[in-house]
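Trainee: I would be grateful for a close look at one part of this structure, with attention to its charged side chains and to what they pair with.

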Amino acid sequence: MSPRKKEETKSNPRIRAVKEKKKTKLILIGFIITAALILGMVGYAVLYETVLKDNIPVAIIAGQKVDNEYFEARVRLERNKKINLFYQIYDRSQYFADDPNAADVYQQQLQQIASELNSVEVLGEKVLNYVIDDEIIAMQGEEMGIDVSKSEIDALVQALFNYFPDGTPTPQPQPTAWATPTMSKTQEAILSMTATPGIEETETEKFENGEDQSGIGEETIIEPTAESTPTTTTATQTPDPTATPYTEEMFQAEYDQRLIDLEPIISETYLRKYIYYDIMKQKVRDTVAADIPLEQEQIWARHILVSTTDEAITVLERLEEEEWNAVAADVSLDTSNKDSGGDLRWFTRGQMVTEFEEAAFDLEIGQVSDPVETQFGWHIIQLIDQGIRPLSPVEFENNQNIYFEEWFTEIKDSVDIKINDVWKDIVPDKPVILFDETAVN
């Protein structure tokens, strides 16, 4: 086309009008599409909030939907529990307001609880995992033929209120009697001139997976001795008033009031469901761990902990000339037992960190190890004794829990679990602390 013809085309009003009409049509179509997309998104958002959100389960476990309302109730219950703990710690902290060290400890605990409550999704995800675990355990229980009856749920509810219509239950005997044996001649020989005073009567703190297992915080009630009880008085004492029997009507009144208090948190139906899961878990645990032996291989060892391999070698060199207890007291970093020769007493497999456990169980009685590295530093270990020993009630229960957790982990890994993000949209952020949090910051 020649330049002249091109100019004629541009100046042609008819052609120009057609192009303008086409452009306008394209703009209109684009506007309609954009508007449709916006309306669609708004419509879906409204539909999601009003209909879909409540119909999408927070999780599906082996094809079974998790009840969203129950999940919400469990979150509120967990928040309520933490809030009650917050108030208890705060009240306790007031008694130690003049003690800077104690005040600092309580302050940290209060801040930790407040932080957990403020992390709504983190707490919600934790509770969702609790709900999923409970449901999986219940499924396994049903497969095992385990049932939880209405009467069992009623009995536990009554027990929570200290109401026992059939009389106070008698404590069940432990599965094994436990007595601490006296020290053998072999043990005495290994600990010769370095034995811990009172070693037969006390258990030192164990170096267990980096955690304190000594039971710190347990309170002991000291009863009056026979010498302190008055025996010379001859005055007639007024008999104590007879306690009012705790009747079914009194229990029911307390229970009904408690349900009213909990109404914003959890309904009675969901509360009983929560109790059902608790009973089912205990029954499944007892069934799964029923064959755990009452005896187990155990070793008695002691150790010296230092920071580097060179320091550990120096410890070995010193032990050739010096007593074990003196070296432990001088250099060991394990303050829980350095003054008792690093004594760890008897322990089973699974109680110590892996590297420490493997080295200790490989030793012969009386043998001292080469330096052993763990996450805590370098250890020199000596085996004092070993053998098959009865487990204490605490150790037996601990082994049951370990076995059950291992069993459950394997089961859970085999279950098809689908978690939907809808839980993030419905996770409750209430109840909250009705308290000026700046007082604990």
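Mentor: Helix α5 covers residues 120–143, and E121 belongs to this helix. The model is a predicted one. Since the relative accessibility of E121 is 41%, this residue counts as partly exposed; the range for that class runs from 20% to 50%. Together with E125, D421 and D425, E121 forms a negative surface patch.

Helix α5 also holds D133, whose partner K412 lies in helix α13 (residues 393–413). Their side chains meet in a salt bridge, with 2.7 Å from N to O. The pair links distant parts of the chain, as K412 and D133 are 279 residues apart. K412 is partly exposed because its relative accessibility is 23%. As a general point, side chains of opposite charge can pair when their charged atoms come close.

The structure holds 13 salt bridges, and two further examples are instructive. One of them joins R272 and D154, whose closest N and O atoms are 2.9 Å apart. Because R272 is in helix α9 (residues 268–288) and D154 is in helix α6 (residues 150–160), this pair ties together parts that are 118 residues apart in sequence. D154 has a relative accessibility of 22%, and therefore counts as partly exposed.

The other example is the salt bridge between the side chains of E297 and R349, at 3.9 Å from N to O. E297 is found in strand β3 (residues 295–306), whereas R349 is found in the loop between β4 (343–348) and α12 (354–361), so parts that are 52 residues apart in sequence are tied together. E297 counts as partly exposed because its relative accessibility is 30%. R349 is likewise placed in the partly exposed class, on account of a relative accessibility of 39%. Returning to D154 and R272, one should add K150: salt bridges that share partners join K150, D154 and R272 into one network.

Finally, the loop that holds R349 leads to α12, and this helix merits a separate remark. Its buried residues are F356, E357, A359, A360 and F361. They pack against β3, β4, β5 (372–374) and β6 (377–390). Strand β3, which carries E297, is thus among the elements that the buried residues of α12 pack against.

Notes. Residues are numbered from 1 along each chain as its sequence is written. This is a predicted model: local features need pLDDT of at least 70, side-chain atom pairs count only at pLDDT 80 or more; totals for chains, interfaces and linings use all residues. Side-chain values use heavy atoms; hydrogens and water are left out. Patches are made of residues with over 30% relative accessible area and no salt bridge: like charges are joined within 9 Å, nonpolar side chains (Val, Leu, Ile, Met, Phe, Trp, Tyr) within 5 Å. Accessible areas come from the Shrake-Rupley method with a 1.4 Å probe; for residues, only the protein chains shown count as cover. A salt bridge is a side-chain nitrogen of Lys or Arg within 4 Å of a carboxyl oxygen of Asp or Glu. Lys and Arg count as positive and Asp and Glu as negative; His and the chain ends are not counted. The place of a charge is taken as NZ of Lys, CZ of Arg, CG of Asp or CD of Glu. Helices (H or I, at least four residues) and strands (E, at least two) are DSSP runs, numbered from the N terminus. Buried means under 20% relative accessible area, exposed over 50%, partly exposed in between (1.4 Å probe, protein chains only). Contact means heavy atoms within 4.5 Å.
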